[in-house]
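Me: I'm new to this structure and don't want the grand tour. Could you pick a single part, look at it closely, and tell me what it touches and what open space it borders?

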Amino acid sequence: MKAVLMEARGDAAVLRYSEIAAPEPGPGEVRVAVKAVALNHLDIWVRKGVASPRLPLPHILGSDVAGVVESVGAGVHAYKQGDAVVVNPGLSCGRCQRCLDGKDNLCPQYQILGEHRWGGYAELVVVPVQNVLPKPASLSFIEAAAVPLAFLTAWQMVVDKLQVKPGEDVLVMAAGSGVSVAAVQIAKLFGARVIVTASTDDKLEKAREVGADETVNYSSPDWFQEVKALTGGKGADAVVDHTGADYWEGVIKATAWGGRISLVGASSGYQAHTPLSHIFYRQLSIFGSTMASKSRLFPILRFVEEGRLKPVVATVLPLSRAAYAHQLLEDRRVFGKVVLEPA
(Lines give C-alpha, C1' and ligand atoms only; values in the text may rest on other atoms or scores of the structure.)
Protein backbone atom coordinates (compact mmCIF):
# COMPACT_ATOMS: atom_id res chain seq x y z
CA MET A 1 0.00 0.00 0.00
CA LYS A 2 0.95 3.66 -0.35
CA ALA A 3 1.69 5.35 2.96
CA VAL A 4 3.52 8.28 4.50
CA LEU A 5 6.37 6.92 6.60
CA MET A 6 7.98 8.83 9.44
CA GLU A 7 11.56 7.58 9.10
CA ALA A 8 13.17 9.76 11.77
CA ARG A 9 12.28 12.49 14.26
CA GLY A 10 12.61 16.08 13.19
CA ASP A 11 10.98 18.58 10.86
CA ALA A 12 8.37 17.77 8.22
CA ALA A 13 11.09 16.55 5.83
CA VAL A 14 11.26 13.24 7.76
CA LEU A 15 7.89 12.27 6.25
CA ARG A 16 8.26 10.21 3.06
CA TYR A 17 5.48 9.11 0.72
CA SER A 18 6.36 5.52 -0.06
CA GLU A 19 5.16 1.95 -0.43
CA ILE A 20 5.01 -0.60 2.37
CA ALA A 21 3.39 -3.96 3.00
CA ALA A 22 -0.26 -3.65 3.97
CA PRO A 23 -1.25 -4.72 7.52
CA GLU A 24 -3.44 -7.80 7.89
CA PRO A 25 -6.46 -7.90 10.24
CA GLY A 26 -6.19 -10.37 13.07
CA PRO A 27 -9.04 -11.88 15.11
CA GLY A 28 -11.48 -9.20 16.22
CA GLU A 29 -9.97 -6.59 13.89
CA VAL A 30 -11.17 -4.61 10.90
CA ARG A 31 -9.10 -3.42 7.95
CA VAL A 32 -10.33 -0.05 6.70
CA ALA A 33 -9.63 1.44 3.29
CA VAL A 34 -8.83 5.04 4.23
CA LYS A 35 -10.87 7.65 2.38
CA ALA A 36 -9.76 10.59 4.54
CA VAL A 37 -7.41 11.17 7.48
CA ALA A 38 -7.28 14.40 9.49
CA LEU A 39 -4.20 15.92 11.08
CA ASN A 40 -3.79 16.81 14.74
CA HIS A 41 -1.07 18.64 16.67
CA LEU A 42 -0.35 15.22 18.18
CA ASP A 43 1.11 14.23 14.80
CA ILE A 44 3.62 17.07 15.04
CA TRP A 45 4.56 16.22 18.65
CA VAL A 46 5.17 12.57 17.70
CA ARG A 47 7.15 13.60 14.61
CA LYS A 48 9.40 15.83 16.71
CA GLY A 49 9.83 13.22 19.42
CA VAL A 50 8.09 15.27 22.10
CA ALA A 51 5.43 12.55 22.37
CA SER A 52 6.41 8.85 22.40
CA PRO A 53 10.12 9.53 21.81
CA ARG A 54 11.07 5.84 21.91
CA LEU A 55 8.58 4.78 19.25
CA PRO A 56 10.07 2.22 16.81
CA LEU A 57 10.68 3.57 13.32
CA PRO A 58 9.50 3.73 10.62
CA HIS A 59 6.10 4.82 11.86
CA ILE A 60 2.79 5.83 10.29
CA LEU A 61 1.01 8.81 11.86
CA GLY A 62 -2.69 9.69 11.70
CA SER A 63 -5.34 9.35 14.41
CA ASP A 64 -8.52 10.45 12.63
CA VAL A 65 -9.75 8.11 9.91
CA ALA A 66 -12.94 7.72 7.91
CA GLY A 67 -13.21 5.05 5.28
CA VAL A 68 -14.75 1.78 4.09
CA VAL A 69 -14.38 -1.69 5.59
CA GLU A 70 -12.07 -3.57 3.22
CA SER A 71 -11.86 -6.88 5.13
CA VAL A 72 -12.42 -8.30 8.61
CA GLY A 73 -10.60 -10.73 10.87
CA ALA A 74 -11.96 -13.88 12.45
CA GLY A 75 -14.88 -13.37 14.81
CA VAL A 76 -16.01 -10.02 13.39
CA HIS A 77 -19.70 -10.05 12.45
CA ALA A 78 -20.86 -6.48 13.16
CA TYR A 79 -19.28 -5.06 9.99
CA LYS A 80 -18.83 -6.31 6.45
CA GLN A 81 -16.90 -5.31 3.37
CA GLY A 82 -18.13 -1.99 1.98
CA ASP A 83 -19.51 -0.53 5.22
CA ALA A 84 -18.68 3.17 5.64
CA VAL A 85 -17.12 3.80 9.05
CA VAL A 86 -15.48 6.33 11.35
CA VAL A 87 -12.52 5.16 13.43
CA ASN A 88 -12.31 5.95 17.13
CA PRO A 89 -8.59 6.57 17.79
CA GLY A 90 -8.52 5.54 21.47
CA LEU A 91 -7.42 1.92 22.02
CA SER A 92 -7.50 0.02 25.30
CA CYS A 93 -7.39 -3.54 26.60
CA GLY A 94 -11.16 -3.81 27.15
CA ARG A 95 -10.65 -6.11 30.15
CA CYS A 96 -9.33 -4.09 33.09
CA GLN A 97 -11.43 -2.41 35.79
CA ARG A 98 -11.10 1.03 34.23
CA CYS A 99 -12.17 -0.19 30.79
CA LEU A 100 -15.16 -2.00 32.25
CA ASP A 101 -16.02 1.09 34.30
CA GLY A 102 -16.30 3.15 31.09
CA LYS A 103 -13.02 4.97 31.76
CA ASP A 104 -11.02 3.24 29.05
CA ASN A 105 -8.85 6.31 28.44
CA LEU A 106 -7.36 5.62 31.90
CA CYS A 107 -6.50 2.03 30.95
CA PRO A 108 -2.84 1.18 31.78
CA GLN A 109 -2.52 -0.11 28.21
CA TYR A 110 -4.20 2.91 26.60
CA GLN A 111 -2.94 3.86 23.15
CA ILE A 112 -3.83 6.41 20.52
CA LEU A 113 -3.93 5.42 16.88
CA GLY A 114 -1.12 7.13 14.99
CA GLU A 115 0.87 7.73 18.17
CA HIS A 116 1.47 4.32 19.74
CA ARG A 117 0.56 2.15 16.75
CA TRP A 118 0.41 2.65 13.00
CA GLY A 119 -2.25 5.11 11.98
CA GLY A 120 -4.11 6.42 8.99
CA TYR A 121 -1.54 8.18 6.76
CA ALA A 122 -1.98 5.20 4.45
CA GLU A 123 -4.34 3.50 2.06
CA LEU A 124 -5.23 0.87 4.68
CA VAL A 125 -5.33 0.77 8.48
CA VAL A 126 -6.18 -2.05 10.92
CA VAL A 127 -8.05 -1.41 14.18
CA PRO A 128 -10.06 -3.46 16.73
CA VAL A 129 -13.72 -3.82 15.78
CA GLN A 130 -14.74 -1.85 18.91
CA ASN A 131 -12.96 1.16 17.42
CA VAL A 132 -15.22 1.55 14.40
CA LEU A 133 -18.64 3.18 14.25
CA PRO A 134 -20.96 3.61 11.27
CA LYS A 135 -20.27 6.86 9.42
CA PRO A 136 -23.25 9.23 9.59
CA ALA A 137 -24.84 9.22 6.13
CA SER A 138 -25.09 13.01 6.13
CA LEU A 139 -21.30 13.42 6.42
CA SER A 140 -18.72 13.15 3.69
CA PHE A 141 -15.62 11.09 4.46
CA ILE A 142 -13.66 14.33 4.76
CA GLU A 143 -16.09 15.78 7.31
CA ALA A 144 -16.24 12.50 9.23
CA ALA A 145 -12.45 12.32 9.52
CA ALA A 146 -12.45 15.80 11.06
CA VAL A 147 -14.54 14.65 14.03
CA PRO A 148 -13.05 11.97 16.33
CA LEU A 149 -9.95 13.10 18.23
CA ALA A 150 -10.80 16.80 18.43
CA PHE A 151 -14.43 16.32 19.47
CA LEU A 152 -13.64 13.49 21.89
CA THR A 153 -10.95 15.63 23.53
CA ALA A 154 -13.20 18.68 23.71
CA TRP A 155 -16.17 16.65 25.00
CA GLN A 156 -14.24 15.28 27.96
CA MET A 157 -12.91 18.76 28.78
CA VAL A 158 -16.21 20.63 28.53
CA VAL A 159 -18.71 17.99 29.67
CA ASP A 160 -16.91 15.44 31.84
CA LYS A 161 -14.20 17.55 33.49
CA LEU A 162 -15.51 21.13 33.58
CA GLN A 163 -19.20 20.13 33.75
CA VAL A 164 -20.22 23.34 32.01
CA LYS A 165 -23.66 24.64 32.94
CA PRO A 166 -26.11 26.99 31.19
CA GLY A 167 -25.23 30.64 31.67
CA GLU A 168 -21.58 30.11 32.60
CA ASP A 169 -18.77 32.08 30.97
CA VAL A 170 -16.42 29.64 29.23
CA LEU A 171 -13.03 30.74 27.90
CA VAL A 172 -11.64 28.73 24.98
CA MET A 173 -8.00 29.37 24.19
CA ALA A 174 -6.48 29.33 20.67
CA ALA A 175 -9.72 29.29 18.73
CA GLY A 176 -8.20 28.09 15.47
CA SER A 177 -7.29 24.59 16.62
CA GLY A 178 -9.51 21.59 15.98
CA VAL A 179 -10.03 20.95 19.70
CA SER A 180 -10.98 24.58 20.32
CA VAL A 181 -13.41 24.68 17.38
CA ALA A 182 -15.10 21.62 18.87
CA ALA A 183 -15.02 23.04 22.43
CA VAL A 184 -16.74 26.27 21.35
CA GLN A 185 -19.62 24.30 19.84
CA ILE A 186 -19.95 21.85 22.73
CA ALA A 187 -19.94 24.66 25.30
CA LYS A 188 -22.68 26.43 23.34
CA LEU A 189 -24.62 23.15 23.14
CA PHE A 190 -24.63 23.08 26.95
CA GLY A 191 -25.84 26.66 27.25
CA ALA A 192 -22.64 28.57 27.98
CA ARG A 193 -21.53 32.02 26.90
CA VAL A 194 -18.25 31.46 25.08
CA ILE A 195 -15.24 33.79 24.94
CA VAL A 196 -12.41 32.77 22.62
CA THR A 197 -8.83 33.90 22.13
CA ALA A 198 -6.73 33.83 18.97
CA SER A 199 -3.74 35.64 17.53
CA THR A 200 -5.43 37.13 14.43
CA ASP A 201 -8.65 38.99 13.72
CA ASP A 202 -9.41 36.55 10.89
CA LYS A 203 -9.41 33.59 13.29
CA LEU A 204 -11.54 35.49 15.78
CA GLU A 205 -14.11 36.25 13.09
CA LYS A 206 -14.23 32.58 12.09
CA ALA A 207 -14.66 31.66 15.75
CA ARG A 208 -17.78 33.82 15.85
CA GLU A 209 -19.08 31.91 12.84
CA VAL A 210 -18.91 28.63 14.79
CA GLY A 211 -20.65 30.10 17.85
CA ALA A 212 -18.28 32.24 19.93
CA ASP A 213 -20.03 35.13 21.69
CA GLU A 214 -16.97 37.27 22.48
CA THR A 215 -13.42 37.39 21.15
CA VAL A 216 -10.04 38.46 22.51
CA ASN A 217 -6.77 38.82 20.59
CA TYR A 218 -4.18 37.31 22.92
CA SER A 219 -1.21 38.92 21.19
CA SER A 220 -1.32 41.59 23.90
CA PRO A 221 0.46 40.59 27.15
CA ASP A 222 -2.55 41.83 29.16
CA TRP A 223 -5.13 39.86 27.17
CA PHE A 224 -6.53 38.30 30.37
CA GLN A 225 -7.66 41.76 31.51
CA GLU A 226 -9.99 41.90 28.51
CA VAL A 227 -11.48 38.55 29.49
CA LYS A 228 -12.16 39.94 32.95
CA ALA A 229 -13.71 43.09 31.48
CA LEU A 230 -16.02 40.98 29.29
CA THR A 231 -17.19 39.13 32.41
CA GLY A 232 -17.78 42.19 34.56
CA GLY A 233 -14.49 41.71 36.40
CA LYS A 234 -15.35 38.13 37.42
CA GLY A 235 -13.29 36.10 34.96
CA ALA A 236 -14.22 32.87 33.19
CA ASP A 237 -16.06 30.20 35.17
CA ALA A 238 -14.41 27.47 33.09
CA VAL A 239 -11.42 27.43 30.75
CA VAL A 240 -10.43 25.08 27.92
CA ASP A 241 -6.65 25.35 27.46
CA HIS A 242 -3.86 23.71 25.50
CA THR A 243 -1.65 26.73 24.80
CA GLY A 244 1.20 25.94 27.19
CA ALA A 245 3.82 27.96 29.02
CA ASP A 246 3.50 31.26 27.14
CA TYR A 247 -0.12 31.78 28.20
CA TRP A 248 -0.51 29.69 31.37
CA GLU A 249 -0.15 32.53 33.89
CA GLY A 250 -2.66 34.61 31.93
CA VAL A 251 -5.08 31.66 31.85
CA ILE A 252 -4.94 31.44 35.65
CA LYS A 253 -5.52 35.19 36.02
CA ALA A 254 -8.43 35.07 33.54
CA THR A 255 -10.23 32.44 35.64
CA ALA A 256 -12.94 33.41 38.13
CA TRP A 257 -12.73 32.71 41.87
CA GLY A 258 -13.73 29.07 42.28
CA GLY A 259 -13.30 28.56 38.55
CA ARG A 260 -12.15 25.43 36.70
CA ILE A 261 -9.43 24.93 34.10
CA SER A 262 -9.11 21.86 31.89
CA LEU A 263 -5.68 21.36 30.37
CA VAL A 264 -5.10 19.06 27.41
CA GLY A 265 -1.77 20.13 25.92
CA ALA A 266 1.07 22.61 26.00
CA SER A 267 1.67 23.90 22.47
CA SER A 268 4.09 26.66 23.53
CA GLY A 269 6.05 24.57 26.04
CA TYR A 270 5.70 22.42 29.17
CA GLN A 271 7.71 24.44 31.69
CA ALA A 272 5.21 27.05 32.89
CA HIS A 273 5.25 29.49 35.80
CA THR A 274 2.31 28.87 38.16
CA PRO A 275 1.43 31.56 40.73
CA LEU A 276 0.33 29.18 43.48
CA SER A 277 -1.39 31.87 45.54
CA HIS A 278 -3.97 32.22 42.76
CA ILE A 279 -4.65 28.48 42.89
CA PHE A 280 -5.26 28.08 46.62
CA TYR A 281 -6.50 31.52 47.59
CA ARG A 282 -8.96 31.83 44.73
CA GLN A 283 -9.77 28.10 45.02
CA LEU A 284 -9.21 27.17 41.40
CA SER A 285 -9.55 23.59 40.15
CA ILE A 286 -7.23 22.30 37.42
CA PHE A 287 -8.12 19.14 35.51
CA GLY A 288 -5.68 17.27 33.31
CA SER A 289 -7.38 15.69 30.32
CA THR A 290 -6.49 13.24 27.56
CA MET A 291 -8.98 12.07 24.94
CA ALA A 292 -12.26 10.61 26.28
CA SER A 293 -13.96 7.29 26.79
CA LYS A 294 -14.77 5.54 23.51
CA SER A 295 -18.43 5.74 24.49
CA ARG A 296 -18.44 9.50 24.06
CA LEU A 297 -18.16 9.24 20.27
CA PHE A 298 -21.75 7.91 20.13
CA PRO A 299 -23.46 11.13 21.36
CA ILE A 300 -20.94 13.25 19.44
CA LEU A 301 -21.84 11.58 16.14
CA ARG A 302 -25.55 11.89 16.94
CA PHE A 303 -25.19 15.64 17.51
CA VAL A 304 -23.11 15.95 14.34
CA GLU A 305 -25.75 14.06 12.35
CA GLU A 306 -28.43 16.38 13.75
CA GLY A 307 -26.37 19.42 12.72
CA ARG A 308 -25.92 20.62 16.30
CA LEU A 309 -22.17 20.06 16.12
CA LYS A 310 -20.20 20.62 12.92
CA PRO A 311 -16.64 19.70 11.97
CA VAL A 312 -14.77 22.59 10.36
CA VAL A 313 -12.36 21.66 7.57
CA ALA A 314 -9.73 24.24 6.64
CA THR A 315 -8.14 22.49 3.67
CA VAL A 316 -7.94 19.11 1.91
CA LEU A 317 -4.71 17.80 0.37
CA PRO A 318 -3.55 14.54 -1.20
CA LEU A 319 -1.81 12.10 1.12
CA SER A 320 1.42 12.61 -0.80
CA ARG A 321 1.54 16.22 0.49
CA ALA A 322 1.54 15.24 4.17
CA ALA A 323 4.78 17.14 4.84
CA TYR A 324 3.27 20.38 3.50
CA ALA A 325 0.11 19.74 5.53
CA HIS A 326 2.26 19.46 8.67
CA GLN A 327 3.87 22.77 7.88
CA LEU A 328 0.47 24.46 7.52
CA LEU A 329 -0.58 23.19 10.93
CA GLU A 330 2.73 23.94 12.60
CA ASP A 331 2.76 27.51 11.26
CA ARG A 332 -0.81 28.04 12.54
CA ARG A 333 -1.99 29.06 9.08
CA VAL A 334 -5.32 27.26 9.28
CA PHE A 335 -8.61 27.52 11.17
CA GLY A 336 -10.06 24.07 11.69
CA LYS A 337 -8.84 20.71 10.39
CA VAL A 338 -6.35 19.81 7.68
CA VAL A 339 -7.45 16.59 5.96
CA LEU A 340 -5.50 14.25 3.67
CA GLU A 341 -6.98 11.98 0.99
CA PRO A 342 -5.15 8.91 -0.36
CA ALA A 343 -4.80 9.04 -4.16
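Reply: One definition before we start: the labels H and S stand for DSSP runs, helices of at least four residues and strands of at least two, each numbered from the N terminus. Also keep in mind that this is a predicted model.

The part I'd pick is helix H4, which covers residues 148-161. Let's take its helix neighbours, then the spaces.

Start with helix H5, residues 178-189. The axes of H4 and H5 come within 8 Å and cross at roughly 45 degrees. An angle between 35 and 65 degrees counts as oblique, so H4 and H5 are oblique to each other. The crossing of these two helices is right-handed. On the H4 side, the residues in the contact are Ala150, Phe151, Thr153, Ala154, Trp155, Met157, Val158 and Val159. They meet Gly178, Val179, Ala182, Ala183, Gln185, Ile186, Ala187 and Leu189 of H5. Sort the residues of this contact by class and you get 13 nonpolar, three polar and no charged.

Now for helix H10, residues 297-305. Here the axes lie 10 Å apart, and the packing angle is about 110 degrees. Anything from 65 to 115 degrees counts as roughly perpendicular, and therefore that is how H4 and H10 sit relative to each other. This crossing is right-handed too. From H4 come Pro148, Phe151, Leu152 and Trp155, and from H10 come Leu297, Pro299, Ile300 and Phe303. The residues of that contact are eight nonpolar, with no polar and no charged ones. Two names are worth remembering: Phe151 and Trp155 of H4 belong to the contact with H10, and they also belong to the contact with H5.

What about empty space? Rolling a probe the size of a water molecule over the atoms is a way to show where such space is left.

Begin with the enclosed kind. The structure has one cavity of 30 Å³ or more, and the largest cavity holds about 40 Å³. Its lining is made of Ala146, Ala150, Phe151, Gly178, Val181, Ala182, Pro311, Val312, Gly336 and Lys337. The elements with two or more residues in that lining are H4 and H5. H5 gives the most, with three residues. By class, the cavity lining has seven nonpolar residues, two polar and one charged. Some names from the helix contacts turn up again here: Ala150, Phe151, Gly178 and Ala182 line the cavity, and these four are also part of the contact of H4 with H5.

Next come the open spaces. The second largest pocket has a volume of about 220 Å³. H4 gives the largest share of its lining, three residues. Among the residues around this pocket are Gln156, Asp160 and Lys161, together with Lys103, Ser293 and Arg296. The lining counts here are one nonpolar, seven polar and four charged. So far as class goes, set that beside the contact of H4 with H10, where there are no polar and no charged residues.

H4 also has a share in the largest pocket, where about 1,100 Å³ of space lies. In all, 45 residues line this pocket, and those nearest its centre are His41, Trp45, His242, Gly265 and Ser267. H4 is one of the elements that supply at least two residues each, alongside H1, H5, H8, H11 and strand S17. The element that gives the most is H1, with five residues. The classes in this lining come out at 22 nonpolar, 16 polar and seven charged.

Here is the picture of H4, put together. H4 crosses H5 at roughly 45 degrees and packs with H10 at about 110 degrees, with Phe151 and Trp155 taking part in both contacts. Phe151 lines the largest cavity as well. Gln156, Asp160 and Lys161 face onto the second largest pocket as lining residues, and H4 supplies at least two residues to the largest pocket.

Technical notes: Residues numbered from 1 in each chain as written. Predicted model: local features only at pLDDT ≥ 70, side-chain atom pairs only at ≥ 80, totals over all residues. Heavy atoms only, no water. Axes fitted to C-alpha atoms, helices over the stretch in contact; angles between N-to-C directions. Parallel < 35°, antiparallel > 145°, perpendicular 65-115°, else oblique. Left-handed = near helix turned anticlockwise from the far one by under 90°. Contact = heavy atoms within 4.5 Å. Nonpolar A, V, L, I, M, F, W, Y, C, P; charged D, E, K, R; others polar. 1 Å grid on protein atoms, 1.4 Å probe; cavity = no way out; pocket = protein on both sides within 12 Å on 5 of 7 lines; lining within 4 Å. Points joined across faces, edges and corners; volume = space filled by probe spheres on them.
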